[in-house]
Amino acid sequence: MTGVNMTSLTPARKGELTAEERVMLQVAAAGNAEITEMILDAGAETDLVNSVGRTAAQMAAFVGQHDCVTVINNFFSRARLEYYTRPEGSEGEPKLPPKLAGPLHKIIMTTNLNPVKMVMLVKEDPLLVDVVALEKCYRVMDLLCEQCVKQQDMNEVLAMKMHYISCVLQKCLAFLQERDDNLDALLKSLLKGRDGDGFPQYQEKFIRDCIQKFPYCEANLLQQLVRIIAPMEIGNVPTAFSVLTQALTGQMVLMDTEYCATCGERGADKKCAFCKMVVYCGKTCQRLHWFTHKRQCKTPVPQRDAQFNHQPKLRELSSNADDSDVVNAASSMLALCLGLSECALQHSPSDDYCETSKAREDPPRAGKD
C-alpha cells in the first residue's frame, strides 16, 4: 500500500533529554504503549531526538512497535486544551466551557479516526449533544489547527487531525440542527452501503471532503494525501480512511487485521452468525450496522453448496426404462422440489428477515468462531 512519508513530517529538535524523555525512548523501543502514555502525561516531550537523531516515535517505528508509535503521534496534552477554558483579555467568557474539556480531549486522543466512531463518542456524551456545545468545540479545534501550523516547528500531522475532528463536529452540528437533535440519521448515512458490495460511499466522500477542505494548501501532508487518494475510484483500495489513518497515527490498516464493520475498531472478533463475512466489536455495532448489512447478508457459498449437495439428485432415464423407473424418477423430482423449497425458506434473506417479522429488525447473534 502506498504510504505517507511520516519521517519528513514529524518535527524534531535537539536538546538535553530529561530523565522522563530518556525512559520514554527506551519504553517506546521496547513496545510498552501503556507506560509510554503515562510518561507523556507526566510532561515528556515527543519531538526531542536521541544521540542518533531519532525521536521516540521513530525509534518505536524502527523496531516495529506500532502501538507505541500510535500513542506518541496521537498524544495531545490536556493542558493545551484547557488554555481555552480560561477567559483571555477582554473576553467575558472562555472560548471553551470547562465542562467540555474532558469530552473533547477524549475525542482528540482517540486513535480510531473512523467518523462513525467519533460520532458515537459525541452521541454517548450528553454534554456534547448540544448545538451550542458543538459550535464552541469545533471553533476551538480550528484554533488548534491554526496554532499547529503557525508554531515555530509546524506540526502538519496534528493540524490535519484537529481539522478533521472539526469537520466531524460540524457535521454533527448540522444534523442536530436539521434532524431535531438526533445523530442517528448521521450514523446511518455514514454506514449505508451501496448496492452490490455494500461499500459506504457517503463515508468515503465525507473523508475526502474533509481532506480537501484543509485550509493550508501549501502543506506537504495535504499534497501527499491528495496524490494518493485522488486517482482512486471510490470503493477501491487504498480508501481515504486507510490513508488518513496511516498519515495521522502512523498505524497501518493491515489487511490481515480484523476491523469492526461499523466503527472501525481494531481487534473485532465477533462474526455475523449467518454469513460469517463481517466482524464487529460488540452487539451495539452489529445492531447499528444491520440495516445496511442485511441486504448483503447471505449464506456463504461453501455452506450453500454443501446444503445443495445433500439434496436428492435427478437421474437420466434410459430409453428402455420400465414403469418402476418412471415412478422412482417422479418421486426423486418431487423430493428435489420439496428440498429446494425448504432450502429457500430456510436461507432466503427476503423470507428469513422479513420486514414485518422480528427477525428482520434483530440481526443474527454475532459470535466468535
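Visitor: Let's start inside. Which residues of helix H6 are buried?

Guide: In H6 the buried ones are Ala-101, Pro-103, Leu-104, His-105, Ile-107, Ile-108 and Met-109. Keep in mind as we go that this is a predicted model.

Visitor: How do I read a list like that for a whole helix?

Guide: Set the buried residues against the helix length. H6 runs over residues 101-109, and 7 of its 9 residues are buried, so the helix is largely enclosed by the rest of the structure.

Visitor: What covers the buried residues of H6?

Guide: Mostly look for helices here: the cover includes H2 (33-41), H5 (78-82), H7 (115-123), H8 (131-150) and H9.

Visitor: Ile-108 caught my eye. What does Ile-108 touch, beyond its sequence neighbours?

Guide: Skipping residues up to four places away, Ile-108 touches Asn-74, Phe-76, Leu-81, Met-141, Leu-144, Lys-161, Met-162 and Ile-165.

Visitor: And how does a residue like that fit into a core?

Guide: The general idea is that nonpolar side chains in soluble globular proteins tend to be buried together. In this protein the largest nonpolar core has 85 residues, and Ile-108 is among the five that touch the most other members, along with Leu-96, Leu-144, Leu-169 and Leu-244. Helix H9, residues 156-178, supplies the largest share of this core, with 14 residues.

Visitor: What comes after H6, say at Thr-110?

Guide: Thr-110 sits in the loop between H6 and H7. With a relative accessible area of 12%, Thr-110 falls under the 20% cut-off and is therefore buried. Its contacts, leaving out neighbours within four places in sequence, are Asn-74, Met-118, Leu-121 and Lys-161. Asn-74 and Lys-161 also turn up among the residues that Ile-108 touches.

Visitor: Let me zoom out. How many helices and strands are there?

Guide: The protein has 18 helices and 2 strands. Of its 369 residues, 44% count as buried. The accessible surface is about 19,600 Å², with 52% of it belonging to carbon and sulfur atoms.

Visitor: What share of the contacts links residues 24 or more positions apart?

Guide: Counting contacts with a separation of 6 or more, 64% are between residues 24 or more positions apart.

Visitor: Now helix packing. What should I look at for a pair?

Guide: Two packed helices are described by the angle between their axes and the distance between the axes. Try H2 and H4 (residues 66-73): the angle is about 20° and the axes are 9 Å apart. H2 and H4 are therefore roughly parallel to each other, and their crossing is right-handed.

Visitor: Which residues meet there?

Guide: From H2 you have Ala-33, Thr-36, Glu-37 and Leu-40, and they meet Asp-67, Cys-68, Val-71 and Ile-72 of H4.

Visitor: Why would spacings like those come up in a helix?

Guide: An α-helix has 3.6 residues a turn, so residues three or four places apart point the same way.

Visitor: Got a second pair to compare?

Guide: Sure, take H10 (residues 184-191) and H14 (residues 283-293). Their axes come within 10 Å and cross at roughly 55°, and H10 and H14 are therefore oblique to each other. The crossing of H10 and H14 is right-handed. H10 brings Leu-187, Lys-188 and Leu-191 to the contact, while H14 brings Leu-288, His-289, Phe-291 and Thr-292.

Visitor: What about the backbone? Where should I look for unusual geometry?

Guide: Start from the usual case: most residues other than glycine have a negative phi, and most peptide bonds are trans. Here a cis peptide bond joins Val-237 and Pro-238, with omega about 0°. Pro-238 is placed in the loop between H12 and H13 (240-249). Then there's Lys-276, not a glycine, yet with a positive phi of about 60°. Lys-276 lies in the loop between strands E1 (270-271) and E2 (279-280).

Visitor: Is Lys-276 buried, exposed or partly exposed, and what is its relative accessibility?

Guide: Lys-276 counts as partly exposed, at 38% relative accessibility.

Visitor: One more. How do I read distances between residues far along the chain?

Guide: Compare the sequence separation with the C-alpha distance. Gln-224, in helix H12 (residues 220-229), is 23 residues from Ala-247 along the chain, and their C-alpha atoms are separated by 9.4 Å. Gln-224 is buried, at 14% relative accessible area. Asp-197, in the loop between H10 and H11 (201-212), is partly exposed at 46%. Its C-alpha is 9.0 Å from that of Gly-235, 38 residues apart along the chain.

Terms used:
Residues are numbered from 1 along each chain as its sequence is written. This is a predicted model: local features need pLDDT of at least 70, side-chain atom pairs count only at pLDDT 80 or more; totals for chains, interfaces and linings use all residues. Side-chain values use heavy atoms; hydrogens and water are left out. A nonpolar core is a set of buried Ala, Val, Leu, Ile, Met, Phe, Trp, Tyr and Cys residues joined through side-chain atoms within 4.5 Å. Buried means under 20% relative accessible area, exposed over 50%, partly exposed in between (1.4 Å probe, protein chains only). Helices (H or I, at least four residues) and strands (E, at least two) are DSSP runs, numbered from the N terminus. Contact means heavy atoms within 4.5 Å. Accessible areas come from the Shrake-Rupley method with a 1.4 Å probe; for residues, only the protein chains shown count as cover. Axes are lines fitted to C-alpha atoms, for helices over the stretch in contact, and angles run from 0 to 180 degrees between N-to-C directions. Angles under 35 degrees count as roughly parallel, over 145 as roughly antiparallel, 65 to 115 as roughly perpendicular and the rest as oblique. A crossing is left-handed if the near helix is turned anticlockwise from the far one by less than a right angle, and right-handed if clockwise.
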